[in-house]
Number of protein chains: 2
Amino acid sequence: MSPAQEQAARTLLETASLRRTRPRLLVLQSLLQASYPVTQEQIAEQLGDKSPNKVTIYRTLEALCTAGVVHKAFLQDRTWHFEPAHNCSEHQCHPHFTCIACGQTTCLMDMQVPAVKSTHNGYTIHRQRMQLEGLCPNCSC
Amino acid sequence: MSPAQEQAARTLLETASLRRTRPRLLVLQSLLQASYPVTQEQIAEQLGDKSPNKVTIYRTLEALCTAGVVHKAFLQDRTWHFEPAHNCSEHQCHPHFTCIACGQTTCLMDMQVPAVKSTHNGYTIHRQRMQLEGLCPNCSC
DNA sequence: AGTCTATTCGCAACTTAGTTGCAAATAAAA
DNA sequence: TTTTATTTGCAACTAAGTTGCGAATAGACT
């Protein structure tokens, strides 16, 4: 956890109007250094001995989601995956790619997805998300 | 359950190379007459007294998914939602719309979603899904 | 129709992600 | 430093989905 990341974590807590506590800083730093959406269990594992209680992690994630600083990326295999709300606009989250060979899910931050129209048959569309499936670079060979 | 739907259910079982059993016909008919992705619990409720055992429903759904006749639409609130694989092409599933007011999810069968390119930075993309969020016609007023 | 066998079904018991209640700890305001 | 609302951790709980296994049955073969 670099000083820069610690600073980023502090800023995010301030944005979310949440008290600066050790567990929250740890959870945020763990989220920030992950390159794909992670579960509570992965966060706990990554933090090792320093990890807060499981319940605290869940509650922290929930609070960060409510504040809009973190996203529930999706629920896969009965488990929520979380990620910082980086690279998500108000109307669109970045696309997620899941490899059908190795199962790994990645965020395709740099992929442009065309926006759908904002209304359709009486439905008012606020946000869109795209999920992609296929082979990742490793498994394509 | 109309005779037409029963016939459709039989055809789907044949496609899936699965034995024609009472529980499977019931589950399929229930799926076919739903207008949105449904859970095991909703299927059981809809079938009432005639409903097969919970485990049988799960196993039937799993088998139908493996055969490609049914899709797991998504996992929401720790619960899988299933739907017939109607209106899904090989490369793209129809979009799902979830209302942020009433929580109801609907399939937008008639909505055109542009296909993304089939490769991106080494990723080979086989299938895409779109999830939409906003207000449904009822809640828009 | 009757027999046989692999498949499917239903029950009960289990697993585990996520939640709740509550007393102890603590951030930060006074 | 004191105070107080907020946050934390523990233990116990909830419920979706799974597993093992004996009983039932679809469909093939007389």
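Reader: What makes strand 6 (residues 123-135) of chain A and strand 6 of chain B a pair, and in which sense do they run?
Author: Strands, which are DSSP runs of E of at least two residues numbered from the N terminus (helices being runs of H or I of at least four), pair if DSSP finds at least two bridges between them. Strand 6 of chain A and strand 6 of chain B share 11 bridges in the antiparallel sense, so they meet that requirement. Among the bridge partners, A:Thr124 stands with B:Leu135, and A:Gln131 with B:Arg129.

Reader: How do you know which residue and chain these names point to, and what kind of model is this?
Author: Residues count from 1 along each chain as its sequence is written, while chains are lettered from A and ligands numbered from 1 in the order in which they are written. The model is predicted, with local features needing pLDDT of at least 70 and side-chain atom pairs counting only at pLDDT 80 or more, whereas totals for chains, interfaces and linings use all residues.

Reader: How many residues of each chain are in the contact between chain A and chain B, and what makes a residue count?
Author: A residue counts if its C-beta atom, placed from the backbone, lies within 7 Å of that of a residue across the contact, and 27 residues from chain B and 27 residues from chain A take part. On the side of chain B that touches chain A, strand 1 (70-76), strand 6 (123-135) and helix 5 (137-140) of chain B each supply at least two residues, and strand 6 of chain B gives the most, with 13 residues. By class, this side of chain B has 14 nonpolar, 9 polar and 4 charged residues, where Ala, Val, Leu, Ile, Met, Phe, Trp, Tyr, Cys and Pro are nonpolar, Asp, Glu, Lys and Arg are charged, and the others, Gly among them, are polar.

Reader: Why is helix 3 of chain A called oblique to helix 4 of chain A?
Author: The axes of helix 3 (residues 40-47) and helix 4 (residues 54-66) of chain A come within 10 Å and cross at roughly 120 degrees. Angles under 35 degrees are roughly parallel, over 145 roughly antiparallel, 65 to 115 roughly perpendicular and the rest oblique, and therefore helix 3 of chain A is oblique to helix 4 of chain A.

Reader: Which residues meet where these two helices touch?
Author: A:Gln40, A:Ile43 and A:Ala44 of helix 3 of chain A meet A:Lys54, A:Ile57, A:Tyr58 and A:Leu61 of helix 4 of chain A, a contact with 5 nonpolar, 1 polar and 1 charged residues.

Reader: What makes strand 3 and strand 5 of chain A partners of strand 6 of chain A?
Author: Strand 3 (residues 96-99) of chain A pairs with strand 6 of chain A in the parallel sense over 4 bridges, with A:Gly134 as the bridge partner of A:Cys99. Strand 5 (residues 119-120) of chain A runs antiparallel to strand 6 of chain A and is joined to it by 2 bridges, with A:His120 opposite A:Tyr123. The hairpin of strand 5 and strand 6 of chain A has 2 residues between the strands, and A:Asn121 takes a positive phi near 50 degrees.

Reader: Where in chain B is there a hairpin, and how many bridges do its strands share?
Author: Strand 1 and strand 2 (residues 79-84) of chain B pair in the antiparallel sense over 6 bridges, one of which links B:Gln76 with B:Thr79. These strands of chain B form a hairpin with 2 residues between them, and B:Asp77 in the turn has a positive phi of about 50 degrees.

Conventions. Axes fitted to C-alpha atoms, helices over the stretch in contact; angles between N-to-C directions.
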